[in-house]
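User: Could we go through the salt bridges in this one together? I'd like to start with a single pair and work outwards.

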Amino acid sequence: MSASAVFVLDLKGKVLICRNYKGDVDMSEIDHFFTLLMQQEEEGLICPVMSRGNVHFLWIKHNNLYLVAITNKNSNACLVYAFLYKLVEVFTEYFKELEEESIQDNFVVVYELLDELMDFGFPQTTDSKILQEYITQEGNKLEVAKTKVPTTVTNAVSWRSEGIKYKKNEVFIDVIESINVLVNANGSVMSSDIVGSVKLKTMLSGMPELRLGLNDRALFALTGRDKGKSVTMEDVKFHQCVRLSRFESDRTISFIPPDGESELMSYRINTHVKPLIWIESVIEKFSHSRVEIMVKAKGQFKKQSVANNVEVRVPVPSDADSPKFKTSTGHAKYVPEKNLVVWSIKSFPGGKEFLMRAHFGLPSVENAEAEGKPPITVKFEIPYFTVSGIQVRYMKIIEKSGYQALPWVRYITQSGDYQLRTNI
């Protein structure tokens, strides 16, 4: 069971648009939502679920809007929130920005979307690509829009239309891993993990069946091939197209893909990660007259790999001025509004070391303790490389017409929340 009704309100609690799905809750109940919210704000106890009698308000805030679902049943709160965030995603796809003005300018389209997204309190078609086939905004699109509802609405495959045709059948697979690292001031790794995702760009005709094979340790153990490099994935989440029962029984990732771009799956690997770009820093302050900073960056990854668009962000005192820089590669610039030196290196080969020196004047006697000790952060991207060692072993493409299709695989490792604390 999901929502009885959904409302979109402005920041003053005025209803902009609403949809009553079940008729079992008085629509005037929404008048109490803003009062309850203000009471909670005054008490400093804001809760995502608020109740008045047997009526429950589940809400999220996005830009200058509140999206509120109401119900008088013991509904599945996770399902309701997933629906509200899906509403935001679909409206943003349609209107570029979801805010009060875009709702007011598109009342007709919003009503149509609310009708299609949910039926009698249950989510229905929530894929924006499918919705855009028959809910269009522009007059010129209306002329060529399909006069009948796409088969996807009544089809088990609600995320893909039938009759798709391509001259060249291809599927591109991107395996993207983000590294989260926290290093303390003594150089010890306090926490680290890898968050990965497998993204697809599918350009395939018909209704193809795809099977993706990874070097998944659980699969290797099931098949008795616990040899070679394998990876243990945790918190695995799949796109709705993946057959979960098949994955749970034999770890096969089997699916009919959405057309175009989509995220097939995400995962986390909770493991000790050696920082790929190591930073050492020395900061010297001279009697509040000047500060000198020396930063050394070292690539701790394979020599044949190259990190692209590296940014080392070094915090400096808020009253620093008169910057002077010297770098062995790349260029450094002072960003005073963020109290940072940003050292940019376009290409950083593995195994290499580079230096950056910065000199600042300190005109005032500031209180260093009050500013705290913000960490050095690093941004980078390393193509053709995954830090976990995950690999796409195969991608099988089966379609009844028997056409040949080419799968392309690309690996990328990038920085996530990558922080190195300092003794500044």
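Analyst: R268 and D235 are joined through their side chains in a salt bridge, with N and O 2.7 Å apart, the term meaning a side-chain nitrogen of Lys or Arg within 4 Å of a carboxyl oxygen of Asp or Glu. This is a predicted model, in which local features need pLDDT of at least 70, side-chain atom pairs count only at pLDDT 80 or more, and totals for chains, interfaces and linings use all residues. Residues are numbered from 1 along each chain as its sequence is written, and side-chain values use heavy atoms, with hydrogens and water left out.

User: Which strands do R268 and D235 lie in?

Analyst: R268 belongs to strand β13 (residues 260–269) and D235 to strand β11 (residues 234–238), so the salt bridge ties together parts that are 33 residues apart in sequence. Helices (H or I, at least four residues) and strands (E, at least two) are DSSP runs, numbered from the N terminus.

User: And how accessible is D235?

Analyst: D235 is partly exposed at 43% relative accessibility, where buried is under 20% relative accessible area, exposed is over 50% and partly exposed lies in between (1.4 Å probe, protein chains only).

User: Switching to helix α8, where do R246 and D250 sit?

Analyst: Both lie in helix α8 (residues 244–250), four residues apart, which is about one turn of the helix, and their side chains meet in a salt bridge at 3.1 Å, N to O. R246 has a relative accessible area of 29%, and D250 is likewise partly exposed at 29%.

User: How many salt bridges does the count come to?

Analyst: The count comes to 16, and K22, D24 and K73 are linked in a network of them.
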